Protein chains: 2
Amino acid sequence: MNSFGSYLRHRREALRVKDRSYSVRQVAKRVGLEPAYLSKIERDEVAPPSEEAIGRLAEALGEDRDALLALGGKVSSDLLELIRRHPVAFAELIRGLRDAPPAALLRVVREVRDGDW
Amino acid sequence: MNSFGSYLRHRREALRVKDRSYSVRQVAKRVGLEPAYLSKIERDEVAPPSEEAIGRLAEALGEDRDALLALGGKVSSDLLELIRRHPVAFAELIRGLRDAPPAALLRVVREVRDGDW
DNA sequence: AAAAGTGTGTAGTAGGTATGACACATGAAC
DNA sequence: GTTCATGTGTCATACCTACTACACACTTTT
């Protein structure tokens, strides 16, 4: 299983090869966390941090925010708020796509993106 | 503002007119909560209860689970899990529907329900 | 070889979440 | 008029969540 912590560690170390400033300590500083805490996060010794912290980590490491949040077991709070505005419709929409093959999911996404309403 | 608590109270009292067993105490018992706690919930003296408790309340009062959860500021955990399986796609899909008129939202829902993949 | 940087172990904590237990006063039922 | 049911006030709590602070040993840089 690719846990949140180990994924984070691999990504950071990959960046570190090209840029020495991607140490635990310096990334922690940029992101506004204690180095010891980030270290524990990367070793999965503690649970993934807050949504805000994950967002800053995603930015610092050039990762997709929503994807990293998902790895951390969370969903962006702005999405939650949108769902809560139309709970029944979104519930049916999301559950309706449960078994959809990725291609079908992407088609719906594209359809909506191209805003045909 | 129609808060979670006051909505719950109104719904319960409406049911109580026809069926005297919809008292705070008896509903609390059916739902597995302390009467004093349910009372506080209905008066918004405390935050809405857990997802599980809201689910049982929805069932006991004949309400839509997802709608009641939304009123309580939550989103069903099974939806969260589905989103976490395709975080980027679902994020774009949901954000893409942010400003969609309800009719358009319903159209997409129906389209998916009729499973055209 | 001193200074600076590195990762991590240990300990502690402030605030939130989700309740339970008991007691009491009022009102309805028998 | 006692019994029973009702809603609610007060108090307590166990368990998370999301961290910080300090200290230590090792490595790299100068």
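The questions below concern a predicted model and go through the surface near DNA strand D and then the interface of chain A and chain B.

In this predicted model, local features need pLDDT of at least 70 and side-chain atom pairs count only at pLDDT 80 or more, while totals for chains, interfaces and linings use all residues. Residues are numbered from 1 along each chain as its sequence is written, chains are lettered from A and ligands numbered from 1 in the order in which they are written, and side-chain values use heavy atoms, with hydrogens and water left out.

Q: Which residues come nearest to DNA strand D?
A: A residue is near a strand if one of its heavy atoms lies within 4 Å of it. There are 23 residues around DNA strand D, and sugar and phosphate account for 53% of the strand's atoms that come within 4 Å of the protein. Those that come nearest are Ser50(A), Arg9(B), Val24(B), Arg25(B) and Arg43(B).

Q: Which residue has a polar side-chain atom 3.0 Å from a base oxygen of DNA strand D?
A: A polar contact is a pair of N or O atoms within 3.5 Å; within protein, one must be able to donate a hydrogen and the other to accept it, and residues adjacent in sequence count only if both atoms are side-chain atoms. Polar backbone atoms lie 3.2 Å from a phosphate oxygen of the strand in the case of Glu34(A), and 2.8 Å from a phosphate oxygen in the case of Val24(B). The base oxygen, by contrast, is approached by a side-chain atom of Lys40(B).

Q: Which helix gives the most to the surface near DNA strand D?
A: Helices (DSSP runs of H or I, at least four residues) are numbered from the N terminus. Helix H3 (35–42) of chain A, together with helix H1 (4–18), helix H2 (24–31) and helix H3 (35–42) of chain B, each supply at least two residues of this surface. The one that gives the most, with four residues, is H3(B).

Q: How much area do chain A and chain B bury between them?
A: The contact, meaning heavy atoms within 4.5 Å, takes 40 residues from chain A and 40 residues from chain B. Buried area is the accessible area (1.4 Å probe) that two parts lose on being put together, summed over both. With 73% of it on carbon and sulfur atoms, the area is about 3800 Å².

Q: How many salt bridges does the rule find across the interface of chain A and chain B?
A: A salt bridge is a side-chain nitrogen of Lys or Arg within 4 Å of a carboxyl oxygen of Asp or Glu. Asp66(A) forms one with Arg95(B), their closest N and O atoms being 3.0 Å apart. Across the interface, the number of salt bridges found is six.
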